[in-house]
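Biologist: I am new to this one. Please show me the structure, and then I will ask my questions.

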Amino acid sequence: MRTLSENRCFGGVQGVYAHASQATGTEMTFGLFLPAEAEDQPVPVLWYLSGLTCTHENAMTKAGAQKWAAEHGIALVFPDTSPRGEGVANDAAYDLGQGAGFYVNATQDPWAPHFQMWDYVAEELPNLLATNFPINEERQAITGHSMGGHGALTLAMSLPGRFTSVSAFSPICNPTASDWGRKQFTAYLGTDETRWAAHDASLLMTAQGFDGDVLVDQGTSDQFLDLLMPESFATAMMKRRQSGAFRMQAGYDHSYFFIQTFMAEHIAFHAEALYRP
């Protein structure tokens, strides 16, 4: 692992690091904010998974999360959204290939050799952080935006006991029924749709739910609303009687201005769960 940058930020340190990934077979880059408390003891951590076209940098610089994380003494992790580099498969469309990993382990060529994002985010990067930084492995939460909201919800429900809480901003809620999902799952996972269900938040909520609290914010003026299908996840939460909240926020779109507006509430939501006895 090598340090690309470290900057003082709200009393803590915002770092950017790169490392050779066994999961993806490439060099991967991630951002990590450590609050001042990390100088003395391991701290709880909130994962932030980003959306289509993003790198580790988008949320790190646009979400305004560090201020609120510093106030609660929480670390923030900003992984990249896909493998990158020479020899890594790509596509001309923005919603497939580099920048569009969808947090799955690809089984189909040409994606399978590098697009192992589930293993990277669920196993390899957590182990790397625990080994090299003062992170409390027993106190983890997860959030994300759009494709990253999809990833946050599916990881949280598929890894019981890993995360104290999960939240999402305008997540892709029902990818097996949406063009933001069916296209990518066909490319990455093949045409057998029974293999897709493990990566559909609405189906996972219906089948098993989450063993903690859930918070989802969705803007009513989101330009991608029909692709996100928030009604599917809201209905699944109700049918499951899932503890949590699904909030439709009047007038907000899909941008980082929306995320900035509600980031403080999401971090406070996770802080309550992360510090719960």
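What follows is a set of short questions and answers on the core, a helix, a cavity and some loops.

Modeller: This is a predicted model, in which local features need pLDDT of at least 70, side-chain atom pairs count only at pLDDT 80 or more, and totals for chains, interfaces and linings use all residues. Residues are numbered from 1 along each chain as its sequence is written, and side-chain values use heavy atoms, with hydrogens and water left out.

Biologist: Which helix gives the most residues to the largest nonpolar core?

Modeller: A nonpolar core is a set of buried Ala, Val, Leu, Ile, Met, Phe, Trp, Tyr and Cys residues joined through side-chain atoms within 4.5 Å. Buried means under 20% relative accessible area, exposed over 50%, and partly exposed in between (1.4 Å probe, protein chains only). The largest core has 63 residues, and Leu 32, Tyr 188 and Phe 233 touch the most other members. With eight residues, the top contributor is helix H3 (residues 117-132).

Biologist: At which residue does H3 bend?

Modeller: Helices (H or I, at least four residues) and strands (E, at least two) are DSSP runs, numbered from the N terminus. A bend is the angle between axes fitted to the seven residues ending at a residue and the seven starting there. In H3 that angle is about 35 degrees, and Pro 126 follows within four residues. The bend is at Glu 124.

Biologist: Which elements do the buried residues of H3 pack against?

Modeller: The buried residues of H3 include Met 117, Trp 118, Tyr 120 and Leu 129. Contact means heavy atoms within 4.5 Å. The partners are strand S2 (12-20), strand S3 (27-34), S4, S5, S6 and H4.

Biologist: What is the volume of the largest cavity?

Modeller: On a 1 Å grid over the protein atoms alone, a cavity is a set of points where a 1.4 Å probe fits but cannot get out; lining residues have an atom within 4 Å of a point. Grid points are joined across faces, edges and corners, and a volume is the space filled by probe spheres set on the points. By this rule there is one cavity of 30 Å³ or more. Its volume is about 50 Å³.

Biologist: Which residues line the largest cavity?

Modeller: Strand S4 (43-49), H3 and strand S6 (135-144) each supply at least two of them. The lining residues are Val 45, Trp 47, Pro 126, Leu 129, Ala 130, Ile 135, Glu 137 and Gln 140.

Biologist: Is His 150 buried or exposed?

Modeller: His 150 sits in helix H4 (residues 147-158). Beyond neighbours within four places in sequence, its contacts include Phe 102, Tyr 103 and His 199. Its relative accessible area is 0%, so His 150 is buried.

Biologist: And Glu 86, buried or exposed?

Modeller: Glu 86 is in the loop between strand S5 (75-79) and H3. Its relative accessibility is 87%, so Glu 86 counts as exposed.

Biologist: From which residue to which proline does a cis peptide bond run?

Modeller: Most peptide bonds are trans. Pro 110, in the loop between S5 and H3, ends a cis bond with omega near 5 degrees. That bond runs from Asp 109 to Pro 110.

Biologist: What is the phi of Ser 146?

Modeller: Most residues other than glycine have a negative phi. Ser 146 lies in the loop between S6 and H4, and at 2% relative accessibility it counts as buried. Though Ser 146 is not a glycine, its phi is positive, about 75 degrees being the value for Thr 53 and about 60 degrees the value for Ser 146.

Definitions and conventions. 1 Å grid on protein atoms, 1.4 Å probe; cavity = no way out; pocket = protein on both sides within 12 Å on 5 of 7 lines; lining within 4 Å.
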